[in-house]
Amino acid sequence: MFKDITIGQYVEGNSFIHKMDARVKILLSLFYIIILFLISSPVAYAVFTAFTLFLVYLSKVPPKFILRGLKPMMYILVFTAVLNLFMTQGSTVLWVCPFWSTLKITKEGLTTAVLMILRLVYLVIGTSVLTLTTSPLMLTDGIEKILKPFEIIKVPSHEIAMMMTIAIRFIPTLSEETEKIMKAQMARGADFESGNVLKRAKAMIPLLVPLFISAFRRADDLAVAMDSRCYHGGKNRTRMKQMKMTVRDLWATLFMVGFAAAVIFIQKLM
Amino acid sequence: MIKVSDLTYVYQQGMPYEKTALDSLSFEIPDGDFTAIIGHTGSGKSTLIQHLNALVRPTSGKIEIDGVDITAPNADLRTVRKNVGLVFQYPEHQLFEETVYKDIAFGPTNMGLSESEIRNRVYEAAGFVGLPLELLEKSPFELSGGQKRRVAIAGVLSMQPKVLILDEPTAGLDPKGRDEILDQLVRLHAENEKMTIIFVSHSMEDVARIAKDILVMNKGRLAMQGSVAEVFAHSSELREMGLNVPQITELTHRLIADGVDIRPDVYTVKFAAELYAELLKEAENV
Ligand SMILES: Nc1ncnc2c1ncn2[C@@H]1O[C@H](COP(=O)(O)OP(=O)(O)OP(=O)(O)O)[C@@H](O)[C@H]1O
Ligand SMILES: [Mg+2]
C-alpha cells in the first residue's frame, strides 16, 4: 500500500518545456499563478484555459498523469463549489430552496463557484506541468539558485535545497522500510486493516516506533557519511550539472510576458 | 509437511521494472526437518520464505502446509502465521515495546491467549534463546545487538510455531553471538522433534554445522535439494552459482588432489580434526 506513494512524479521527456532551465520554469510557474489570481472575467478565463491546454500540449506529458494530480483534490473542489454556490450574495436569484428560503443560488454565486473551481484546477495543472517536466534534483537546484540572492538576508538557500534533496531521496527507502516492518509485525499476528479508527491508530504503534528509530539511525549514518567526505555546506561547492539558460528560455519568458499582458488587457477591457 | 508446487513470483508485474524473483519452484520439506536455504545474493531466498507464511501471495503456483492450501483466497492467514513463524533479517529493527517482556508477548497477545498462558510462553521463549530473566523488564533499546536479536527471535518463538523460518539469523553478529544463536537453534530442534526449522544463510560453515538438508537457490530457480553431504559433493556447480563449500571441505579436497588418502565427505572442522589426527598418527607410525 505504501508502494504507490510517488513524490516528484517526474516523467522523462524531451519536450520544449522539459528542456527549459529549471530556474526559469519555477519563476514562470509563479508568474502563471499570479496571473491566475489577477483575472476574474469569463473571457480572460477562456484565454487562460487555451493557454493552459497549450502548455500541457507543449509538455508532451500524457494527460492521464495530469488528471491523476487532480484526483486527490476532488473533495476540496466539491466543497469549494458548494460553499461558493450557496453563500455568495447577489441580486439575480436563480433558485430558492422551497423549504428554507435563506438557501438560494444567485447568478453571482454560480459565477464565483465556477471561477473558483477553474482557479483551483489550473493551479494544480500549472504546478503539475512544472513537477512533471522537471526532475526533483533539478527542481531543488533551481530553488537553491533562486534563493541565492536572499542569502544577504540570511536565507540558508543551500541548506534548504539540500534538505529537500535528502527528503526526496529517502522517500523510497522509508517506504521500503515501512513495508518490511509491516510484514514483520504481521508475521507476529499484527492486524493493520480491520477494526475501528481507534483500534487502527493503536495498531500503528508497532509500525511507527521502529520506523522512527530507523529514520533517526539513517539520519545519523548519513550525517557521519557526509562529514567523513568533508561536506561543509554550500560555500565554494561546484556542481556536476551546470544550469544554463538558452534562447529557449528567453522565448518562453517573452511569450509568457506577452500572454500576461494580453490577458490583463482583456480583463481590464471586459 | 511443506509442499511447494510450481511457485512463481514476479515483482512489480506489468511495470517496466518487472522482475521474476521466483521461477516455477517445486519442492517438499518434511516435518521436523532442519533445512538451510543457500543461494547467491538476489537469488530469491527472502522472497521465497515470505511466501511460506503468506505474507506475499504468489503470482502463480501453490503452497500447502500440512495439507492446507495457504495460497487459497479464503485461507485463514491468522492460523497460517501462527503455525509458521518467520524471523526477518535484522529482526531487532522491529522491536517497539517498552519492555522486553511486552515485546515477546506481542505475538501471543495478538493470538488472544490468556494472561497466564502468555506469561508461560514468554518465559519459555526467553529461556530458549538464553535470555537472562532479569532483562525482561528492561527496555529492548538498552540491550546489546546480540541480545536484541534474541529478543526478536523469542518474539516469534512465543507463538509456538510448528515451522520456524529465519532469514540470515546470524548476520552482523560477532563469532560468539553467532555461535550462541546457532547452538540455540540446534537445542531448539533437539527439544522439539516435530518443529521444522528453515534458515537462510550465507555461511557454508554454519550450514554444515547445524543443518540436515540444503535447498540451493539460483536466479529464482531451485538448483539443488538434498542432504548436506549430497549438496556439498557438487562443489564445482556450487562455485558456478557464486557459492562455495565449507573451507574445511575445500582444504580436504585439495589434499586429496595432492595425493593424500582421506575421505572427501568432510564438512565440519570438528570431524576433520578427528580425521586429520588419525592421519597424523598413522604417518608417525610409519
Ligand atoms: N520489493 C521489491 N521490488 C522489486 N524487486 C525486488 C523486491 N525485493 C526483491 N526484489 C528482487 O527480487 C530478487 C530476489 O530478491 P530476494 O530479496 O528474495 O533475494 P535474496 O536471495 O534474499 O538475496 P540476499 O541474499 O541479498 O538477501 C532480487 O533480484 C531483487 O532485486
Ligand atoms: Mg535476503
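**Exercise 1.** Is Tyr11(B) buried, partly exposed or exposed?

*Solution.* Keep in mind that this is a predicted model. Start with the value: the relative accessibility of Tyr11(B) is 31%. Then recall the cut-offs: buried is under 20% and exposed is over 50%, with partly exposed in between. Tyr11(B) therefore counts as partly exposed. Now try Tyr9(B): its relative accessibility is 14%, so Tyr9(B) counts as buried.

**Exercise 2.** Work through the aromatic pair formed by Phe48(A) and Phe259(A), then classify the ring pair of Tyr9(B) and Tyr11(B).

*Solution.* Begin with the wider picture: searching the whole structure gives twelve aromatic pairs over all chains. In one of them, the rings of Phe48(A) and Phe259(A) lie 5.8 Å centre to centre, with 45° between the planes, and the pair is tilted. Next, place the partners: Phe48(A) belongs to helix H3 (residues 42-59) and Phe259(A) to helix H11 (residues 247-269), both of chain A. The two residues are 211 residues apart, and their pair links distant parts of the chain. Check accessibility too: Phe48(A) and Phe259(A) are both buried. Finally, turn to chain B: the ring centres of Tyr9(B) and Tyr11(B) are 4.9 Å apart and the planes stand at 90°, so this pair is edge-to-face.

**Exercise 3.** Which residues do ring pairs link into a cluster with Phe48(A) and Phe259(A)?

*Solution.* Follow the ring pairs: the cluster also takes in Tyr32(A), Phe51(A), Phe54(A), Tyr122(A) and Phe255(A).

**Exercise 4.** Where does the charged end of Arg169(A) sit?

*Solution.* Look at Phe170(A): the charged end of Arg169(A) sits over its ring, 4.7 Å from the centre.

Methods:
Residues numbered from 1 in each chain as written. Chains lettered and ligands numbered in written order. Predicted model: local features only at pLDDT ≥ 70, side-chain atom pairs only at ≥ 80, totals over all residues. Heavy atoms only, no water. Phe/Tyr/Trp six-rings, centres within 6.5 Å; stacked < 30°, edge-to-face > 60°. Helix = DSSP H or I, 4+ residues; strand = E, 2+ residues; numbered from the N terminus. Buried < 20%, exposed > 50% of the residue type's maximum accessible area, 1.4 Å probe, protein only. Lys NZ or Arg CZ within 6 Å of the ring centre and 35° of its normal.
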